[in-house]
Amino acid sequence: METITVILLMLLAVVVSDSIVRALPLPVPLPLVQIGLGALIASVTTIRVELDPDIFFLLFLPPLLFLDGWRIPKEGLFRDKGIILEMALGLVVFTVVGLGYLINWMIPSIPLPVAFALAAIVSPTDPIAVSGIAARVPIPSRMMHILEGESLLNDASGLVCMRFAVAAMLTGAFSISDAFFTFLWLAIGGIAIGVGVTLGVTRGKAFLARHLGEESGSQILISLLIPFGAYLLAEHVHASGILAAVAAGITMSYAEITGQALAVTRVRRTAVWDTVQFAANGAIFVLLGEQLPGIFSGAVENIAAGRSSPWWLVVYIVVITLALGALRFAWVWASWSITLSRTAGTREQILVRPSWRLVATMSVAGVRGAITLAGILTLPLFLYDGSLFPARDLVIFLAAGVIILSLVVASIALPRLLNNIEVPVEASHRKEEDYARIAAAEAAIMAVERAQHDLAAGRPDADLYADVAAQIMELYRKRIDGRMRLGEEREQTAQTDEVEKVLFTTALKAERQEIYRLVRARRLETAVATKMVRDIDLLEARYG
């Protein structure tokens, strides 16, 4: 009963946090509010959560990494692959080495392998937090794509580096050659398993759907189980479950291109995964807030054992956050300058010359979030000899402090840096969209013509089919004409579409309200009303 109560309280806190952020006049990061609510729960209740690191890792990371891989724009990922790989792999290693030695020098009570583990887990970035902070000053889309691609890959590289550091602490030994070959197996095995699991499951369910029909609920449940299956299978063969979850998500996006799922399945599945993402991300930060008092007490004890003041904890967090920003600034400046020099004289377009303001924006945007928190909480409780893992509470508190401080700094600095930032005009993709919509409309017209002939063949009411088909095809021909216009005619068509959108959504809302009124007056059955409202919602979603 107590466990269920804790889960319900945390989910309630996630819901309340969203309402609080919407009500605040300033763009306060959602994770900060969730951390505060978690701390409030810990202060007013006697409920305490005992975390099992392995279970925590399994519950939260696979679905979040899978969803990131599934939804990230692939075109942006491959277009800027050089910059993304440099930041997601090179920057992580650069951060682990530089920050690891700094932490060990600054806090001698933290062994070097544990310092490397802390440096590794604070290296991944969180674009979700960034987009929330910059909601009122939108981030240029290409910059956001780079941040998303970096985050997707540095989640895996940072967590794998942390695993090596923890293994070195547990065993007391570290071999570069062994680590290299282990990393190869972790990477290749994890990616192969992630791809294989997704392809196998999607093809299997497509085969069953063709022969037995499709049920939306089971299809959605299968999509929820894929990341856990890929993760557990990879971990069973000692490959990287993290990379397996990421690879499974990327593969899922390509498997979806076949378009085999029913439209209603896709609509419902999107809603379910949005809820999972919102709940999982929020629950992690609420859980951090709930754990924070206990973590702080353990960190104070660790500092007191070294005869230092608890105020040094604040100093350590500030220094680590500043060091992270400086290392990121230096790496972005150097790597982007090298990339520019390599592509000089070619036709490849780079985001923009690395001005100090752009580099500062990318540095500040590197906030830490859910992956850092989920990873640091998985540190083992004991060494192999049964003794306590050294400085565990201190390291967790420092990571939590870095998350909070990076969010605060970004919420203050990022909107100012993004204000009137100079970036090249990005392609609107209007031509590609026009071409695709024209091609789709032409395919629809041909399909309607064929279906009309097949349905009306030999029927006495063939004229009825021809009239209905002509009405439908006329709608598609108007769409084609609108997309083929240029100049002022095109702008007028766009304006007409916008007016149509406003009027149509107004009409749909009026329909829905009238249906609800009839239900309240008991002049319409609830089951019929539910079906009618669902149809209206799907039509309105087209204009959303």
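Me: Which residues have the most contacts inside the largest nonpolar core?

Reply: This is a predicted model, and in it those residues are Leu99, Ile110, Leu118, Ile320, Ile376, Leu394 and Leu398. The core they sit in has 107 residues. Helix H16 (residues 392–418) supplies the largest share of that core, 14 residues.

Me: What does Leu398 touch, leaving out residues up to four places away in sequence?

Reply: Leu398 touches Ile107, Ile110, Leu118, Leu313, Tyr316, Ile317 and Ile320. Each counts as a touch because heavy atoms come within 4.5 Å. Apart from this core there is another one, of 13 residues, including Leu67, Ile193, Ala244 and Ala248. As background, nonpolar side chains in soluble globular proteins tend to be buried together.

Me: Why is helix H14 called largely enclosed by the rest of the structure?

Reply: Count its buried residues. Helix H14 covers residues 356–364, and seven of its nine residues are buried, so the rest of the structure largely encloses it. The buried ones are Leu358, Val359, Ala360, Thr361, Met362, Ser363 and Val364.

Me: What makes Arg22 and Asp18 a salt bridge?

Reply: The closest N and O atoms of Arg22 and Asp18 are 2.9 Å apart. The cut-off is 4 Å, so the pair qualifies. In general, side chains of opposite charge can pair when their charged atoms come close.

Me: Why are Arg22 and Asp18 separated by about one helical turn?

Reply: Both are in helix H1 (residues 2–23), and they are four residues apart, which means about one helical turn between them.

Me: Why is Arg22 called exposed, and what does Asp18 count as?

Reply: Arg22 has 67% relative accessibility, and exposed starts over 50%, so the label fits. Asp18 comes in at 22%. That is not under 20% and not over 50%, so Asp18 counts as partly exposed.

Me: How do you know that Arg71 forms a salt bridge with Asp274?

Reply: Their closest N and O atoms are 2.7 Å apart, and anything within 4 Å passes, so this is a salt bridge. Arg71 lies in helix H3 and Asp274 in helix H12 (residues 263–305), so the pair ties together parts 203 residues apart in sequence. As for cover, Arg71 has a relative accessible area of 39% and Asp274 one of 34%. Partly exposed runs between 20% and 50%, so that is the label for Arg71 and for Asp274.

Me: What is the distance between the closest N and O atoms of Arg512 and Asp537?

Reply: It is 2.8 Å, and Arg512 and Asp537 form a salt bridge. Arg512 is in helix H19 (residues 487–520) and Asp537 in helix H20 (residues 526–543), so the pair, 25 residues apart, links distant parts of the chain. Salt bridges that share partners join Arg512, Asp537 and Glu540 into one network. For the whole model, the count comes to 10 salt bridges.

Me: Is Arg512 buried or exposed?

Reply: Arg512 is at 12% relative accessibility; buried means under 20%, so Arg512 counts as buried. Its partner Asp537, at 36%, counts as partly exposed.

Me: What makes Ile20 partly exposed?

Reply: The relative accessible area of Ile20 is 31%, which lies between 20% and 50%, so partly exposed is the word. Ile20 sits in helix H1 and touches Val33 and Leu37, with residues up to four places away in sequence left out. The C-alpha atoms of Ile20 and Gly100 are separated by 37 Å, at 80 residues apart along the chain.

Me: Where does Ile55 lie?

Reply: Ile55 lies in helix H3 (residues 53–71). With a relative accessible area of 47%, Ile55 is under the 50% limit for exposed, so partly exposed is its label. The C-alpha atoms of Ile55 and Trp273, 218 residues apart along the chain, are separated by 21 Å.

Me: Why is the protein called as compact as a globular protein of that length?

Reply: Its secondary structure comes to 20 helices and zero strands. The radius of gyration is 27 Å, close to the 24 Å that the globule rule gives for 544 residues, so the description holds. The C-alpha atoms fill a box of roughly 95 × 65 × 50 Å along the principal axes.

Me: How many percent of the 544 residues are buried?

Reply: Buried residues make up 44% of them. The accessible surface is about 28700 Å², and 65% of that belongs to carbon and sulfur atoms.

Technical notes
Residues are numbered from 1 along each chain as its sequence is written. This is a predicted model: local features need pLDDT of at least 70, side-chain atom pairs count only at pLDDT 80 or more; totals for chains, interfaces and linings use all residues. Side-chain values use heavy atoms; hydrogens and water are left out. A nonpolar core is a set of buried Ala, Val, Leu, Ile, Met, Phe, Trp, Tyr and Cys residues joined through side-chain atoms within 4.5 Å. Buried means under 20% relative accessible area, exposed over 50%, partly exposed in between (1.4 Å probe, protein chains only). Helices (H or I, at least four residues) and strands (E, at least two) are DSSP runs, numbered from the N terminus. A salt bridge is a side-chain nitrogen of Lys or Arg within 4 Å of a carboxyl oxygen of Asp or Glu. The radius of gyration is taken over C-alpha atoms; the globule rule is 2.2 Å times the number of residues to the power 0.38. Accessible areas come from the Shrake-Rupley method with a 1.4 Å probe; for residues, only the protein chains shown count as cover.
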